[in-house]
Amino acid sequence: MEFIIVGVIVVAAGYTLYSNIKKQASGDCGCGNGCKGCNHSCEIKPSIKNNNNNQ
Amino acid sequence: MITAALLGNPNVGKTTLYNALTGSNQYVGNWAGVTVEKKEGFIDNKIKIVDLPGIYAMDTYSNEEKVSKEFLQNGNVDVIINIVDASSLDRNLYLTTQLKQFNKPIILVLNMVDVAISKGLDINYKLLSQKLGVKIIPIVASKGTGISDVKKCLLKEDYITTSSNSLKFKDEKEAYAYIEILLKSVTNKKNEDRVSISEKIDKIVLNRIIAYPLFFGCLFLIFMFTFSWVGQPLADFLSSLLNDNFVPFLTKLLANNSPWFSSLLIDGIIGGVGSVVVFLPVILALFLGISFLEDSGYMARAAFIMDKLMRKMGLSGKAFIPLIVGFGCSVPAIMSARTLESDKDRKLTALLVPLMSCNARLPVYALFASVFFHGKETLVVFSLYLMGIGLAFGIGILFKNTLFKKDEEPFIIELPEYKLPEPKSLLIHTWEKGKGFLKKAGTIIFSISVIVWFLSNFNTTGMVDINSSFLAAIGKFINPVFIPLGFASWQNSIALLTGLMAKEVVVGTMGVIYGSNLTHVLPNYFTPLSAFSFLAFVLLYTPCVSVIATMKKEYGNKMAIFSLSYQLVLAWIVSFIIFNVGSIILG
Amino acid sequence: MIIISIYDLKPGDKALIHSVCGDEKFAKRLLALGCIEGTEVTLKATAPLGDPIIINLRGFNLAIRKNDAKNINIKTA
């Protein structure tokens with residue numbers, strides 16, 4: 001029984017790590033969870049970025 | 001699927017409207033060929049809204065304007081949503097006159113009508129709608145008023161599709177002349193020459209003598225809130241709940257299971273994830289503070305007063321904003337550097353961004369500060385942030401005179417009116433931040449904790465004592481590098497190594513290999529001096545994989561490698577100085 | 001009518017725009033913001049270290065550098 005639980009944990013950990021590294025390596029995301037994952041909360045405020053559009 | 005293009009000047013609440021319409025149904029990508037962000041969101045899967053960058057006109061040569069122009073011409077746009085500031089229509093309408101050239105139906109969303117009314121502005125919507133040939137919807141985006149009207153209008157396709165007025169003008173002068181006449185006929189401005197509240201506030205905020213101390217004072221206040229008054233105390237409470245209640249409870253529950261099984265669960269998972277999660281209050285407190293400051297409009301003033309100083313280090317005051325974003329996370333900060341004028345500005349800013357201590361490092365500071373500098377947490381952490389800023393100045397000057405010589409570029413920044421941040425939206429954003437943090441804990445920190453647990457309990461012969469494990473072997477191998485820095489131990493070395501995945505993991509890893517009651521264990525491995533040296537190292541060394549990947553994506557391999565290397569070297573040197581000079585001074 | 005620039009104004013002074021010269025991109029940007037001939041502009045304040053400065057144009061506040069302010073010519077009233 002214990003082995004089943006551990007098996008699940010290991011698979012979950014492995015898969016999570018793999019997908020997290022993939023997302024991190026894409027250079028699109030700060031937290032490794034994708035933009036939908038945290039609704040851009042890794043930014044302090046999305047709106048500030050537009051403040052610089054004075055080109 | 002109906003496609004709507006969302007356009008408007010910066011600072012008129014476009015993003016607020018966009019978020020209100022699409023909720024979390026958004027995707028962010030890139031416009032092909034340029035480094036301008038492409039944001040798409042959906043309403044009920046029936047309407048696609050493409051959020052274009054905030055622009056003032058369609059013909060002034062910037063990337064943002066080019067991208068918008070192209071999209072409107074070739075992107076199968078069914079309707080344009082043009083959001084304007086009702087309280088300062090003339091400049092906003094310039095863009096509107098240009099948008100009319102694309103012959104698409106336009107929904108003119110008048111935002112901030114509450115401000116307009118309070119300024120004594122009285123707008124005849126019907127007449128304006130008729131004269132411009134657009135559908136008009138007044139809203140107050142920050143309060144959510146009128147959003148449902150916009151949604152309804154889009155879903156019902158209830159817009160004006162024909163217009164007799166083509167509004168082609170020879171130049172800006174003609175366009176503005178038309179706008180002035182138009183506005184005279186549809187608005188009724190009651191005389192207000194009274195000095196606005198914003199101006200009164202600015203008289204104080206931008207005052208010669210007060211400006212800088214006030215700025216640092218505000219930041220310090222936020223830190224007090226985070227570390228002394230609210231954030232840290234709550235974190236301490238959670239920590240004692242974890243260690244004094246939850247862990248013993250779990251231990252009893254698993255008493256009949258194999259020791260390795262309960263160890264995996266308790267020392268590994270709970271130890272790792274738990275030791276990070278307890279810092280949620282600290283993260284939320286800091287985030288809330290900075291969001292408040294930013295929502296109020298103060299940050300634009302900060303960029304303004306910082307400009308002259310920043311020019312000394314080779315940047316413009318506009319680079320200040322990406323640097324501030326960097327206090328949250330370096331990834332969006334590096335991305336927002338795209339909006340700076342020149343390539344050199346962008347590269348230099350991107351190199352300095354990671355020196356702005358990101359959110360993820362906070363749990364490390366909070367933990368060590370509460371253990372080794374109890375009662376002085378605010379001071380210690382604030383000094384770390386200042387160190388990052390100070391070093392950024394220094395490195396900026398260094399790079400400016402060596403790698404990035406260039407001429408100055410023109411600079412314009414708009415200073416929006418001050419406003420009291422909307423509590424509801426502040427809280428929602430802060431909660432979103434909290435969810436993101438917890439998600440990070442449940443994913444990357446969880447998986448690293450499991451791996452660290454395995455590596456720390458096994459070697460080739462099977463399950464062993466931690467000091468003979470794989471992990472110990474790896475740690476002992478890299479340890480020598482840290483000996484001159486005062487905090488060398490194989491465990492600390494491993495913790496720093498795992499920090500490359502996410503900085504919070506430094507705490508998580510320590511929670512696994514030292515045990516979750518870090519407050520009691522850490523004094524055995526650090527002194528206050530070596531702790532501070534360690535914190536300086538954590539502040540400065542190579543950031544997480546995400547950041548390196550973003551650097552690579554935005555500026556190429558060479559820059560990415562340079563960035564991660566120089567930070568490692570800088571961290572080592574600064575830690576070395578702190579520990580060794582400190583040792584001499586302290587005797 | 002003497003032509004000077006915003007650079008020569010003191011905080012609180014108002015003036016009418018005459019023309020914008022200098023860097024093409026900068027000029028175009030200002031024109032798009034409504035900084036056209038005959039528009040009233042007010043110098044609101046200067047930064048604590050003297051630079052940049054804040055001007056008020058058509059009801060909103062813009063911060064620009066003193067060097068660039070030299071390129072915005074005004075008519076004296």
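How many helices and strands does the secondary structure of chain B come to? Select chain B to begin: there are 26 helices and 12 strands. Please bear in mind throughout that this is a predicted model, with an ipTM of 0.87 and a pTM of 0.76.

**Chain B as a whole**

Keep chain B selected and display its C-alpha trace. Along the principal axes, the trace spans about 85 × 55 × 45 Å. The radius of gyration of chain B is 27 Å, which agrees with the value near 25 Å for a compact globule of 587 residues. Of these 587 residues, 49% are buried. Among the contacts in chain B with a separation of 6 or more, 74% join residues 24 or more positions apart.

**Helix 12 of chain B**

Next, select residues 280-295 of chain B, which form helix 12. Place a distance between the end C-alpha atoms of this helix: they are 22 Å apart. That value agrees with expectation, because 16 residues at 1.5 Å a residue should span 22 Å. Now show the surroundings of helix 12: is the helix mostly covered or mostly uncovered? Helix 12 is mostly covered, with 14 of its 16 residues buried. When inspecting the side chains, recall that an α-helix has 3.6 residues a turn, so residues three or four places apart point the same way. Then move on to Gly297(B), which follows helix 12 and has a positive phi, near 100 degrees.

**Chain A**

Turn to chain A, which has 2 helices and 0 strands. Chain A comprises 55 residues, of which 53% count as buried.

**Chain C and its strands**

Select chain C and colour by confidence. The average pLDDT of this chain is 85, and 94% of the residues score at least 70. Where in chain C is confidence lowest, and where is it highest? The lowest mean, 80, belongs to strand 1 (residues 3-5), while the highest, 89, belongs to strand 4 (residues 53-57).

Select residues 14-20 and 40-46 of chain C together; these are strand 2 and strand 3, which pair in the antiparallel sense over 3 bridges. To find one bridge, pick Ala15(C), whose partner in strand 3 is Val41(C).

Add strand 4 of chain C to the selection. Strands 3 and 4 also run antiparallel, joined by 5 bridges. Here Thr46(C) has Ile53(C), in strand 4, as its bridge partner. In a regular strand the side chains alternate between the two faces of the sheet.

Finish at the hairpin of strands 3 and 4 of chain C, which has 6 residues between the strands. Within this hairpin, select Gly50(C), which takes a positive phi near 95 degrees.

Notes
Residues are numbered from 1 along each chain as its sequence is written. Chains are lettered from A and ligands numbered from 1 in the order in which they are written. pLDDT is the predictor's confidence in each residue, from 0 to 100. Helices (H or I, at least four residues) and strands (E, at least two) are DSSP runs, numbered from the N terminus. The radius of gyration is taken over C-alpha atoms; the globule rule is 2.2 Å times the number of residues to the power 0.38. A residue is buried if 20 or more other C-beta atoms lie within 10 Å of its own, exposed if 12 or fewer, and partly exposed in between; C-beta atoms are placed from the backbone. Two residues are in contact if their C-beta atoms, placed from the backbone, lie within 7 Å. The expected span of a helix is 1.5 Å times one less than its number of residues. Two strands pair if DSSP finds at least two bridges between them.
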